[in-house]
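Please work through the exercises below with the sequence and the coordinates side by side, and try each task before reading its solution.

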Amino acid sequence: MTKLYKKSEITFTIVWIAAYVVLSSLADNVSLELGVAKSITAVLHVVMALILFFWIGKNGLMKKYGLCRSSVPAKNFLYYIPLAVIASASLWTGIGLRFTIPETICFVVSMCCVGFIEEVIFRGFLFRAMEKDNLRTAIIVSSLTFGLGHISNLFNGSGRTPASSAVQIIFAVLVGLVLVTIFYRGGSLIPCIVFHSVNNALGAFGAEGQLDQRTEMIINLILIVIVLGGYLLYLYRIAPRKE
């Protein structure tokens, strides 16, 4: 693992992305066959998160990949309040359990680990590997990764209209841009991990079906314009760069 990293950080990252996507998909299928959604997936994600954490620590890469305190005070990032607003959006339609108790526990554990794994792989490994050659490309690619999962809504028969899916994709990409900017400016991935984990985990407690797609699209547009647009403007024009 370390030899591959030293040989090529990009190849190392691609291997991790492929392993994460393939193994997560297989674990989801096995979990469903066992009758408890996310049961095997939760175990897999805990193991992967631990492997990443201890490998990064063992190789002295904690600071490089942002597993450290930010060099910029939280107040300069508005105490990450816009991220809290975004994370709470899944509860705006109501609160309730979408799964059984065992499935809810497995879902929350899995999603918290996913927040760590995906931020380390995409905002950490991928961004740092590409940043050395082209910062702009690194930011764009890292931002797009957060929205890629929503592109499937255009083709998977989810029932979403193209307009609703497009807004959702734009929203997710902008969230990715906010996260990579926070990492780049502050040098810490921890706020991104916390947001990503909480945002994912709260999905288990949101009551679905309370809003039609048009209303949901309007809410996403409001978040894009006010929360994301304003926050991005602040991050790029006002918030200081890391030293």
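The exercises that follow concern salt bridges and a helix in a predicted model.

**Exercise 1.** Determine which parts of the chain the salt bridge between glutamate 9 and lysine 64 ties together, and how far apart they are in sequence.

*Solution.* Begin with the contact itself: the closest N and O atoms of glutamate 9 and lysine 64 are 3.0 Å apart, which satisfies the limit of 4 Å for a salt bridge. Next, place the two residues: glutamate 9 belongs to helix α2 (residues 9-34), whereas lysine 64 sits in the loop between α3 (39-58) and α4 (81-88), so the pair connects parts that are 55 residues apart in sequence. Finally, consider accessibility: glutamate 9 is buried because its relative accessible area of 15% falls under the 20% cut-off, while lysine 64, at 28%, is partly exposed.

**Exercise 2.** Where in the chain does lysine 132 lie, and how many residues separate lysine 132 from glutamate 9?

*Solution.* The two side chains form a salt bridge in which the closest N and O atoms are 3.3 Å apart. Lysine 132 is found in the loop between α5 (101-131) and α6 (135-151), and glutamate 9 in helix α2, so that the pair links distant parts of the chain, 123 residues apart. With a relative accessibility of 57%, lysine 132 counts as exposed.

**Exercise 3.** Are glutamate 119 and arginine 123 buried or exposed, and how are they placed in their helix?

*Solution.* Their side chains meet in a salt bridge with an N to O distance of 2.9 Å. Both residues lie in helix α5, four residues apart, or about one turn of the helix. An α-helix has 3.6 residues a turn, so residues three or four places apart point the same way. Glutamate 119 is buried at 0% relative accessibility, and arginine 123 is likewise buried, at 1%. To complete the survey of salt bridges, Glu9, Lys64 and Lys132 are joined into one network through shared partners, and the count comes to five salt bridges.

**Exercise 4.** Compare the expected span of helix α8 with the distance between its end C-alpha atoms.

*Solution.* Helix α8 (residues 190-201) has 12 residues, and the expected span is 1.5 Å times one less than the number of residues. The expected span is therefore 16 Å, which agrees with the 16 Å between the end C-alpha atoms. Among the buried residues of α8 are Pro191, Ile193, Phe195 and Ala201.

Conventions: Residues numbered from 1 in each chain as written. Predicted model: local features only at pLDDT ≥ 70, side-chain atom pairs only at ≥ 80, totals over all residues. Heavy atoms only, no water. Buried < 20%, exposed > 50% of the residue type's maximum accessible area, 1.4 Å probe, protein only.
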